[in-house]
Amino acid sequence: MYIYKMYSKELTKGTLQPIILKLIDSRDKMYGYEITQEVKKMTSGKIDISEGALYPILHKLEAKGVLETEKVYIGKRVRKYYKVTKDGKLMVTEVTKEINDFMDTLHIIFNSKTLKS
C-alpha cells in the first residue's frame, strides 16, 4: 500500500498561484488561513501552502488588481478577506486552461509507451 506524502516545494511552486486563484474564485471570498487549510483538506495533506508562500502571492495578485480585499472586524481582531476582481476572473479562466493543458502534456510524457526506461 502506497502512503501519500506531501509534494515537494519544487513540484508545487509553479502551481500555487493558480490553485489560490481558483479556490478563492470558487468560494467568493476567503482569508489566508482558510485558504491554507482548505488546500490541505482538499489534497489530503499533499499540498501544504505555508504562510511564507501564501501571503507574497496574495499581495502580488492584489497589487495587479486580480484580487481585492475586505477587512472584517471580529471582536478586537481584523480578518482580511480576498476576493477575485472582474479582471481576476479572466485570469482564473486563463490559468485554468493553461494548467489543464499542462497536465494533459505531462500525461502524454509520463504515460507514453514510446519512452524507454
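**View 1. The largest nonpolar core of the predicted model and the residues at its centre of contacts**. Of the 21 residues in the largest nonpolar core of this predicted model, Ile20, Leu21, Ile24, Ile35, Leu58 and Leu67 touch the most other members. Two or more residues of this core come from each of helix 2, helix 3 (32-42), helix 4 (51-63), strand 3 (77-84) and helix 5 (86-110), and helix 2 gives the most, with 5 residues. In soluble globular proteins, nonpolar side chains tend to be buried together.

**View 2. Helix 2 and its buried residues**. Helix 2, which runs over residues 16-27, has 12 residues and reaches 17 Å from its first C-alpha to its last, a span close to the 16 Å expected at 1.5 Å a residue. Leu16, Gln17, Pro18, Ile20, Leu21, Leu23 and Ile24 are buried in this helix. An α-helix has 3.6 residues a turn, so residues three or four places apart point the same way. The helix is followed by Asp28, whose phi is positive, near 75°.

**View 3. The surroundings of Leu21**. Once its neighbours within four places in sequence are left aside, Leu21 is in contact with Leu61, Val66, Leu67, Val84, Met91, Val92 and Val95. Leu21 itself is one of the buried residues of helix 2, and both Leu21 and its contact partner Leu67 are among the residues that touch the most other members of the largest nonpolar core.

**View 4. A salt bridge between helix 2 and helix 5**. The side chains of Asp25 and Lys89 meet in a salt bridge, with 2.6 Å from N to O. Because Asp25 lies in helix 2 and Lys89 in helix 5, the pair ties together parts that are 64 residues apart in sequence. Asp25 counts as partly exposed at 23% relative accessibility, and Lys89 is likewise partly exposed, with a relative accessible area of 42%. In the whole model the count comes to 7 salt bridges.

**View 5. Salt bridges of Arg27 and of Lys80**. Arg27 and Glu38 meet through their side chains in a salt bridge of 3.0 Å, N to O; Arg27 lies in helix 2 and Glu38 in helix 3, so this pair ties together parts that are 11 residues apart in sequence. Arg27 is partly exposed, with a relative accessible area of 37%, whereas Glu38 counts as buried at 14% relative accessibility. A further salt bridge joins the side chains of Lys80 and Glu62, at 3.9 Å from N to O, and links distant parts of the chain, with Lys80 in strand 3 and Glu62 in helix 4, 18 residues apart. Lys80 counts as partly exposed at 30% relative accessibility, as does Glu62 at 26%. Salt bridges that share partners join Arg27, Glu38 and Lys41 into one network.

**View 6. The aromatic pair of Tyr31 and Tyr81, with charged side chains over the rings**. A search of the whole structure finds 1 aromatic pair, formed by Tyr31 and Tyr81, which meet edge-to-face at 5.4 Å centre to centre, with 80° between the planes. This pair links distant parts of the chain, since Tyr31 is in strand 1 (residues 29-31) and Tyr81 in strand 3, 50 residues apart, and both tyrosines are buried. Lys29 lies over the face of Tyr81, at 5.0 Å from the ring centre, while the charged end of Arg79 sits over the ring of Tyr31, 3.8 Å from its centre.

Methods: Residues are numbered from 1 along each chain as its sequence is written. This is a predicted model: local features need pLDDT of at least 70, side-chain atom pairs count only at pLDDT 80 or more; totals for chains, interfaces and linings use all residues. Side-chain values use heavy atoms; hydrogens and water are left out. Helices (H or I, at least four residues) and strands (E, at least two) are DSSP runs, numbered from the N terminus. The expected span of a helix is 1.5 Å times one less than its number of residues. Buried means under 20% relative accessible area, exposed over 50%, partly exposed in between (1.4 Å probe, protein chains only). A nonpolar core is a set of buried Ala, Val, Leu, Ile, Met, Phe, Trp, Tyr and Cys residues joined through side-chain atoms within 4.5 Å. Contact means heavy atoms within 4.5 Å. A salt bridge is a side-chain nitrogen of Lys or Arg within 4 Å of a carboxyl oxygen of Asp or Glu. Rings of Phe, Tyr and Trp (its six-membered ring) pair if their centres lie within 6.5 Å; planes under 30 degrees apart count as stacked, over 60 as edge-to-face and the rest as tilted. A charge sits over a ring if NZ of Lys or CZ of Arg is within 6 Å of the ring centre and within 35 degrees of the ring normal.
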